[in-house]
Amino acid sequence: MATAPARSQRRRRPGSFARPINARTYRGTWLLVGIPLLIAAFSLRTAQPLPAPTLPPTFESGFAFDLARDLAGLYPDRRPGSKEGRDAARWVADQLRAQGLQTSSVRFRGVLPGGAAVQLVNVEAEVPGRSSDAIVVMAHRDDAGNGPGANDNASGTAALIELAHTYATSNPCSAVRTVGGLCPAHRIVFLSTDAGAYGGVGAERFARTSPFRTQIAAVVNLDSIGSDRPPRIVAAGLGPRSAAPALQRTAVARITEAARAEPLRSTPLEQLLDLGFPFTLYEQGFFIRLGIPAVTLTTSGVRPPDQVGDTADRLNEQRLGEMGRAAQELIASIDQGLGVPGATASSIFLGSRFLPGWAVELVLIACLLPFLVAAVDLFARCRRRGIVLAPAWRSYRSRLGFWLWVAASGAVLWIAGLWPQGPSLPPPPATAAAGDWPVVPLIVLSLLACAGWLVVRERLLPRRPPKTVETVAGHTVALLTLAVVGLAVVALNPFALVYLLPSLHAWLWLPQVSERPVALRIAVLAAGLLGPVLLVGSFAFRFGVGLDAPWYLALLVLIGYVPVPVLLVTLAWLAAGGQLAALAVGRYAPYPARHERPPRGPLREVVRRAVLANRARRRRTLNAGEEVRTADER
């Protein structure tokens, strides 16, 4: 009979310092998530593709195949700014003029990844239509100089020229010689961009400065369409948006009809990851960010193919013809349809249906609520019990100050020109800027970070075992900070909660297991890192960056692709994670009171220790020298 009371005494009471999280409230709040899930289920919609054109396609695959071979053979090194790159631009302009089109070459100075400024050329040709709205057919013609670039992207350029042939004109709109002898309903703009293999500099320039930018009904991008791999459509943007659902469904329908196989698309999880961290290596992303419907047709993956070995003998004429016919019918569907595909908006495709982005955001925000309620309830309990949180806040402030110091040091090194320079565009993973880790700047940054840590650690070293109330305060402050981080993410991009929610809901239970074995605490801490692992893994495997993924993400921060508010929120998350990690491994200490601090500040203490260490070293050297002289005299 005595064992039962003993067991009840060992059992941790809910609400005690050993179990400060109100698990019942946390579980109950999850019931509210069912409402957004129900709303999302009823918000599923079916996007109908635009009608198929009535006339059959006239795309000549043999002519396009010969053009691709000629471009790759005549100008195998089409790097932006090079002589062959300029010659290739003139070759494309001549081919378009040979079809009866008037062309214009837009020259501008652009900055490539790595900081090199070169002269770039966009070649444009326009077919007038009955409407002032334009359909843009686009393909970049450059390559990275690693190979002839027959598939990437002589195939897309050749298809662009052949498509222009079907709309060739030397007369006003009423006399346009199209497939059916009809004038197109929209202006058709054929655009050959430069530096597409270097982050899409030419496409970004067109999207930002073209007089057509406010009158574009849709953009069809052709990139690497001549390999024997399955067709694919890419509809991700450089902002939390997706291509218009009607445009995506129409592209799928036209490719399925032409290739007799449904094209590949990103999975729903991949689409969610792309909305949470907007990123794409294809040129449709610039237009989607501006609200313009755009889609890329390709036979590559989510990353354009490497150009090493991309020779003309590896082109697939049949696949090139299928993708060319699909592009022609897609353009005709948009041109002859009763309505344009519509503006871009965030959405996730689930088979033949799509889920509106607002419904996904609602579900993600609802998943944040249980953590917010539990964190606020923990704070309220601390207030009721009179637990002082100020030392824990100061401890967190020191950790945040360290990360701000690291960020500021990196900014100073960038101003000094030690980091790779370039435009705030996605750098191609195959370039040196993305693949070569800058050793010297990283060493300098590491030394500066170590110096900052030596200053901060004087206030964070445990001088005595912390009291239970102090560890509860440390957990409370870190969790409250994570709550603020979650609200900031909602304000910036709610889709990014997919990367944050694992850490919130895993780390919420660290106070609950504070007296459990350290292995369990470390496991809970590691579970919260699932979000960053998803982000790094997405770049490592989906985009083929591999082991360079951490540096590639850092490069996106350095070139300004990642906005400053997002960086600040990330630093706040890192500081909170550092405090929780210290608590998990038993190395946490609240900010010391005045009587616990050393007589000197942290910086003066570090300098003092360095001076004393230097004096001790010199004293040992002098003593050793005296011993040697004494031995010689003897």
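In the next few minutes I will go through the two largest pockets of this predicted model and then one leucine in helix H21.

Let me begin with the largest pocket, which holds about 1,900 Å³ of space. Its lining is made up of 50 residues, and those that lie nearest the centre are Val557, Val562, Val566, Leu567 and Thr570. Several helices give two or more residues to this lining, namely H13 (390–415), H15 (439–460), H16 (468–492), H17 (497–507), H19 (530–542), H20 (549–558) and H21 (564–584). H21 provides the largest share, with ten residues. If we sort the lining by class, we find 41 nonpolar residues, eight polar ones and one that is charged.

Turning to the second largest pocket, its volume comes to about 350 Å³, and of the 26 residues lining it, Ala197, Tyr198, Pro304, Pro428 and Pro429 are the closest to its centre. Here the lining divides into 13 nonpolar, eight polar and five charged residues.

Now I would like to return to H21 and look at a single position there, Leu580. Is this side chain buried or exposed? Leu580 has a relative accessible area of 0%, and because the cut-off for buried is under 20%, Leu580 counts as buried. Which residues does Leu580 touch, once its neighbours within four places in sequence are left aside? The contacts are with His475, Ala478, Leu482, Trp507, Leu510 and Leu525. As a last point on this residue, Leu580 and Tyr396 are separated by 184 residues in sequence, while the distance between their C-alpha atoms is 9.9 Å.

Technical notes: Residues are numbered from 1 along each chain as its sequence is written. This is a predicted model: local features need pLDDT of at least 70, side-chain atom pairs count only at pLDDT 80 or more; totals for chains, interfaces and linings use all residues. Side-chain values use heavy atoms; hydrogens and water are left out. On a 1 Å grid over the protein atoms alone, a cavity is a set of points where a 1.4 Å probe fits but cannot get out, and a pocket is an open set with protein on both sides within 12 Å along at least five of seven lines; lining residues have an atom within 4 Å of a point. Grid points are joined across faces, edges and corners, and a volume is the space filled by probe spheres set on the points. Helices (H or I, at least four residues) and strands (E, at least two) are DSSP runs, numbered from the N terminus. Ala, Val, Leu, Ile, Met, Phe, Trp, Tyr, Cys and Pro count as nonpolar, Asp, Glu, Lys and Arg as charged, and the others, Gly among them, as polar. Buried means under 20% relative accessible area, exposed over 50%, partly exposed in between (1.4 Å probe, protein chains only). Contact means heavy atoms within 4.5 Å.
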